[in-house]
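Here is a short set of questions and answers for a reader who is meeting this structure for the first time. Please keep the sequence and the structure in view while reading.

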Amino acid sequence: MALHHKSPYKGWVGWLDTRLPVVYAIDKAVGPRHPTPRNLNYWWNFGSLAGLCLVIQIVSGLFLSMHYTAQIDLAFSSVEHIMRDVSYGWLLRYMHAVGASMFFIVVFIHIFRGLYYGSYKSPREVLWWMGVIILLLMMATAFMGYVLPWGQMSFWGATVITNLFSAFPLVGESIVNWLWGGFSVDNPTLNRFYSLHFVMPFIMIGVIFLHILALNAFGSNNPKGIDVKGPADTIPFHPYYTVKDFFGFGIFFIVFAGFLFFAPNYLGHADNYIPANPLVTPTHIVPEWYFLPFYAILRAVTFNIPLYLIGLPVLLGGLWALKAKKIGLKLGTIAIVVGGFITIAGFGGGQIDSKLGGVLGMFGSILVLFALPWLDTSPVRSANYRPIYKWLFWVFAIDTVILGYAGSQPADWGILMSFCAGEVQCADKALHALVAIEVPASWANSFIDITISLIATGYYFLHFFIVFPLLGKIEKTLPLPTSIGVSVLKDKGAHA
Ligand code: HEM
């Protein structure tokens, strides 16, 4: 067998491809040589759309960087200079700011598509992991990018979020000073955030490459959630899905242009048009909309958590799993010893203080995604064949929207105000009504808001740790079609 790659193409393309098999690689990834399930619906457009968003961010960001100054006395005005003086600077800046929001909308839909159709399940666990890493990188990049215009929200958002690390015992304060490069958010912080914000998208490209590599190992999942069994189940990626992806790009550009040209600041916060002032704290510090659910989880923990609440489940879970022979003796013993130790510390008064609890909850809400392929015990991938999960998926989706809403509200007063459509008098009345039934005033202010955040946070974790593992065991799933080809023909009313 020849060691070198013999290109299947003719002429100069073949000549080049034999020496640099890049045409073949593209063909195998997105060309006629890539067999793809024939039943992918429009939810499968969002992967390519996410790629498009990244390109938009990198190109617009590169041009912005030619005019931006990462120095605290000049950053704000350099952004205003871009908006007013640079030719089409306003377009570049709005493309980048609105583009960030569009990127998150697209990626959130991409993730929820994965949750609905069970795309994270074997054998696509590593593909899913790469996705979660991309999500973390995206969040870090967006967070640092928001600091760059050096407005009030930039400064105070950076202060609040970096300060979170101080919640970790012993090393917390040192970590925060190290992140800041000083004793407050200041010029060194802005400099390093700019460097990191510039480089991270390129790291993302590397992880996306692995994401696609892992995707190509087993090919795409599909709405039926069953494996490809033969050529009748597939069609070539090109031209069928290239044309479908380009159609998606068209729709995407219409929505993007809608925000870009008619409501470029709709998703942003007005306070970021006030230059950063370390001496004036904004009344309500809120992050960008895409962080709101996580922000709500952070704020939901307003109480110290006794350690036995964590130790006991580990201890009992370990005992059960060992008895039911779900895990080996070694792992079981570790779980029992560690769980027992934490439980004893808990009964001895040990607790996680509320701030650390919130921080752990917030990071945990994303990190739990890594474990999802094992938490979900159902053998069936697609929610279309899981009658109960199909509904609970939507409960979870609504739960995240509620979290987002709770995160957007000021920690006090907020929900009352929104129930009353912003009418101060009405909110005041509601507040008095709560006080009248002997809810302390300070409580009443934040009572409903915090309660909603807490319930929604509770459900978020319940969904992962209880619903996914249990439902997989008890749910009666519907019979799966024998093959994609057969089911497609059946859906179309033809005879297979
Ligand atoms: C910059 C961000 C991302 C890009 C460019 C990207 C790109 C892609 C592309 C092109 C596909 C194939 C088309 C499709 O199935 O939609 C794909 C599939 C997939 N992605 Fe992503 N992705 C990103 C982020 C994520 C994230 C954050 C997750 C999950 C946490 C994720 C999970 C998946 C999964 C599970 C699949 C397989 C879907 C299936 O075959 O059913 N991706 N991705």
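Q: Which class, nonpolar, polar or charged, has 16 residues in the shell around the ligand?
A: In this predicted model, 27 residues surround the ligand, and among the closest are G47, A50 and S119. Divided by class, the shell has 10 polar residues and 1 charged residue, while the class with 16 residues is nonpolar.

Q: Which helices each supply at least two residues of the shell around the ligand?
A: The closest residues to the ligand include G131 and N221 as well as G47 and A50. The helices that each supply at least two residues of the shell are α3 (46-65), α5 (89-117), α6 (125-147) and α9 (187-218).

Q: Are α3 and α9 roughly parallel or roughly antiparallel?
A: The axes of α3 and α9 come within 11 Å and cross at roughly 155 degrees, and α3 passes α9 in a left-handed crossing. Because angles over 145 degrees count as roughly antiparallel, the arrangement of α3 relative to α9 is roughly antiparallel.

Q: How many nonpolar residues are in the contact of α3 with α9?
A: On the side of α3, the residues L54, Q57, I58 and S65 meet F198, P201 and M204 of α9. Of the residues in this contact, 2 are polar and none is charged, and the number of nonpolar ones is 5.

Q: What is the orientation of α6 to α7?
A: Helix α7 covers residues 152-163, and α6 packs against α7 with the axes 7 Å apart and at an angle of about 135 degrees. That angle therefore makes the orientation of α6 to α7 oblique.

Technical notes: Residues are numbered from 1 along each chain as its sequence is written. This is a predicted model: local features need pLDDT of at least 70, side-chain atom pairs count only at pLDDT 80 or more; totals for chains, interfaces and linings use all residues. A residue is near a molecule or strand if its C-beta atom, placed from the backbone, lies within 6 Å of it. Helices (H or I, at least four residues) and strands (E, at least two) are DSSP runs, numbered from the N terminus. Ala, Val, Leu, Ile, Met, Phe, Trp, Tyr, Cys and Pro count as nonpolar, Asp, Glu, Lys and Arg as charged, and the others, Gly among them, as polar. Axes are lines fitted to C-alpha atoms, for helices over the stretch in contact, and angles run from 0 to 180 degrees between N-to-C directions. Angles under 35 degrees count as roughly parallel, over 145 as roughly antiparallel, 65 to 115 as roughly perpendicular and the rest as oblique. A crossing is left-handed if the near helix is turned anticlockwise from the far one by less than a right angle, and right-handed if clockwise. Two residues are in contact if their C-beta atoms, placed from the backbone, lie within 7 Å.
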